Every structure is written in structure tokens, then in C-alpha cells.
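Biologist: Please take me through the packing of this chain, one element at a time. I shall ask about helices, sheets and single residues in turn.

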Amino acid sequence: MLTTKSLSKIFRNAEVETRALRNINLEVKEGEFVAIMGPSGCGKTTLLNILGLLDNPSLGSYYFLDQETSHYNEKKRAQLRKTNIGYIFQNFNLIEELNVFENIELPLIYMGIKSGDRNRLVLKALEKMQILHRKYHFPLQLSGGQQQRVAVARAVVGSPKIILADEPTGNLDSAHGEEVMRTLNELNKEGTTIIMVTHSQRDASYANRIVRLFDGQIINENILQSFN
């Protein structure tokens, strides 16, 4: 589904050059659940941003759905993103001025889906996340767990091929965090590919495979459960 070859990311300013990623070789197959772990500053989020087509590598290749994307401009990356990738962020990234229904509907609008179909898909996502009764509430009226469920609903409403999750339980208590992880696990069992950045060994235990980064390099990979 996606492959990186000798991928590196270098950030430069007038005085300093920082190599955030070094020669990353990674393959993720369709239907896998991969956890990316490592200490703060090791390049986890930088790698996730490149895999999610939010940024380009400085060196190397990135193949997404058999397309070599490393030199795509933002317009071409956006076209691939909006129909194939869902995002879940640690800080939820909900728009405070929009209610729950409108937040979840937003990616469908960008995809050009008609109003009637949008309504059906949003209601289905709300029901799946068990927040249908909150559809007209605004983000600030919700608990952290409810906000993250809205974020998950927004990520899955367009049936993306892959979900990228950056510390999805980082701002939640253990009970709500467990709820989010069960939801991701169910989505994976239904066939959605998931790549998750996490510091939590408990959360990583849901994955098929753990990829560990240190100083911008993959230092090892652990298979937790067989993947066919």
C-alpha cells in the first residue's frame, strides 16, 4: 500500500541543518495496523506527515498506492489525501464554530459529495461512534472522550483506505483512551489500514507490528501478531 525507500527529511535555516529522518525504508501493506514508537524528537510525527502527504521528503522515494509521490506539489498531494486518508490528531483539531455534524461533514464537502449522501454518511458515522445524540452540540460542550470520538468519526466518514493517528489517546484518561483504541481495532478488523504514532505501550499492543525510531532512524521492528 505504501513504501518508502532511503527516505530522509532535512530541515534547514540560515545557521542550522537538522536531519529529522535518515534513510527510512518502510513498507505497510493494505489492512495492517502499524504502531510507530520512539522518544520525543525522534522523527515520528515528521514521518507520519510525509506518509500522510502533508509534506515531501528531502531525499529518497515514497510510493503511495503505486504512485511515486516524493516530488508531488501540494495540489497533487491534496487530491490523493482527500479520497484516501483520514487523520486523527492528539488535540482533536475540531472547528469550534461548527457543531458535531458539521465537523464530521467537512471532509465530505471537500470530496464533492452531494448533500443527501453527506447527510446519510454523517449520520452513519455518528451512530457508529455512539454520539448521534450530540450531533448539534459544539466541541466546547463535549468531554475530551466525546471530542475524540467526533474526530474519529470525521476521519472515517469518507471510508478512507488508511487512517493516520498521531497520539490519538494522548489527551484522554485511560477509560476514554481504551474506548478510542477499541474503535481503531474494530476499524482495522473491517479492513482499514492504520498507522499510529504513540508513546503508549498499551496502545501499541493493538497493532500487528511496532516500528521503533531513534534519532530519525528505524532501529528495529517487532511483529506482535500475524498479518495475512
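Modeller: Before the helices are discussed, one cut-off is needed: a residue is called buried when its relative accessible area is under 20%. The model itself is predicted.

Biologist: How many of the eight residues of H1 are buried?

Modeller: The buried set includes Lys44 and Thr46. It also holds Leu47, Leu48, Ile50 and Leu51. H1 is largely enclosed by the rest of the structure, because the number of its eight residues that are buried is six.

Biologist: Which strands of the six-stranded sheet does H1 touch?

Modeller: Six strands make up this open sheet, with mixed pairing and the order S6-S7-S8-S3-S9-S10. From one strand to the next the twist averages 15 degrees. Helix H1, residues 44–51, packs on the sheet with its direction at about 155 degrees to that of S7. The strands it touches are S3, S6, S7, S8 and S9.

Biologist: Which strands form the edges of that sheet?

Modeller: In the order S6-S7-S8-S3-S9-S10, the sheet is open. An edge strand here pairs on one side only, which holds for S6 (85–89) and S10 (217–223).

Biologist: Which residue in S10 is the bridge partner of Arg212?

Modeller: Strand S9, residues 209–214, pairs with S10 in the antiparallel sense, and six bridges join them. In S10, the partner of Arg212 is Asn220.

Biologist: At about what angle does H1 run to S2?

Modeller: A four-stranded open sheet has antiparallel pairing in the order S2-S1-S4-S5. Its edge strands are S2 (17–28) and S5, each pairing on one side only. H1 lies across S1, S2 and S4. Its angle to S2 is about 60 degrees.

Biologist: What phi does Leu53 take?

Modeller: Leu53 comes just after H1. Its phi is positive, at about 60 degrees.

Biologist: Which residue in S5 does Tyr63 stand opposite?

Modeller: Strand S4 covers residues 59–64 and pairs with S5 in the antiparallel sense over two bridges. Opposite Tyr63 in S5 stands Glu68.

Biologist: Does Gln67 count as buried, partly exposed or exposed, and which is it?

Modeller: Gln67 lies in strand S5, residues 67–68. Not counting residues up to four places away in sequence, Gln67 touches Tyr62, Tyr72 and Leu80. The cut-offs are under 20% for buried and over 50% for exposed. At 30% relative accessibility, Gln67 therefore counts as partly exposed.

Biologist: What distance separates the C-alpha atoms of Gln67 and Thr3?

Modeller: Along the chain, Gln67 and Thr3 are 64 residues apart. Between their C-alpha atoms the separation is 9.9 Å.

Biologist: What is the orientation of H3 to H4?

Modeller: The axes of H3 (residues 100–110) and H4 (residues 115–128) come within 10 Å and cross at roughly 125 degrees. This angle lies outside the range of 65 to 115 for roughly perpendicular and is not over 145, the limit for roughly antiparallel, so H3 is to H4 oblique.

Biologist: How many nonpolar residues has the contact of H3 with H4?

Modeller: From H3, Val100, Phe101, Ile104, Glu105, Leu108 and Ile109 take part. They meet Arg118, Asn119, Leu121, Val122, Leu123, Ala125 and Leu126 in H4. By class, one residue is polar and two are charged, while the number of nonpolar residues is ten.

Biologist: What is the orientation of H5 and H6 to each other?

Modeller: H5 and H6 (residues 174–189) pack with their axes 9 Å apart and an angle of about 15 degrees. Angles under 35 degrees count as roughly parallel. The two helices, H5 and H6, are therefore roughly parallel.

Biologist: Which residues of H6 make the contact with H5?

Modeller: The crossing of H5 and H6 is right-handed. On the H5 side the contact is made by Gly145, Gln148, Arg149, Val152 and Val156. On the H6 side the residues are His176, Glu179, Val180, Thr183 and Leu187.

Biologist: What is the relative accessible area of Thr169?

Modeller: Thr169 is found in the loop between S7 and H6. Leaving aside neighbours within four places in sequence, Thr169 is in contact with Gly177, Val180, Met181, Arg202 and Asp203. Thr169 is buried, with a relative accessible area of 11%.

Terms used:
Residues are numbered from 1 along each chain as its sequence is written. This is a predicted model: local features need pLDDT of at least 70, side-chain atom pairs count only at pLDDT 80 or more; totals for chains, interfaces and linings use all residues. Side-chain values use heavy atoms; hydrogens and water are left out. Axes are lines fitted to C-alpha atoms, for helices over the stretch in contact, and angles run from 0 to 180 degrees between N-to-C directions. Contact means heavy atoms within 4.5 Å. Ala, Val, Leu, Ile, Met, Phe, Trp, Tyr, Cys and Pro count as nonpolar, Asp, Glu, Lys and Arg as charged, and the others, Gly among them, as polar. Two strands pair if DSSP finds at least two bridges between them. A crossing is left-handed if the near helix is turned anticlockwise from the far one by less than a right angle, and right-handed if clockwise. Buried means under 20% relative accessible area, exposed over 50%, partly exposed in between (1.4 Å probe, protein chains only).
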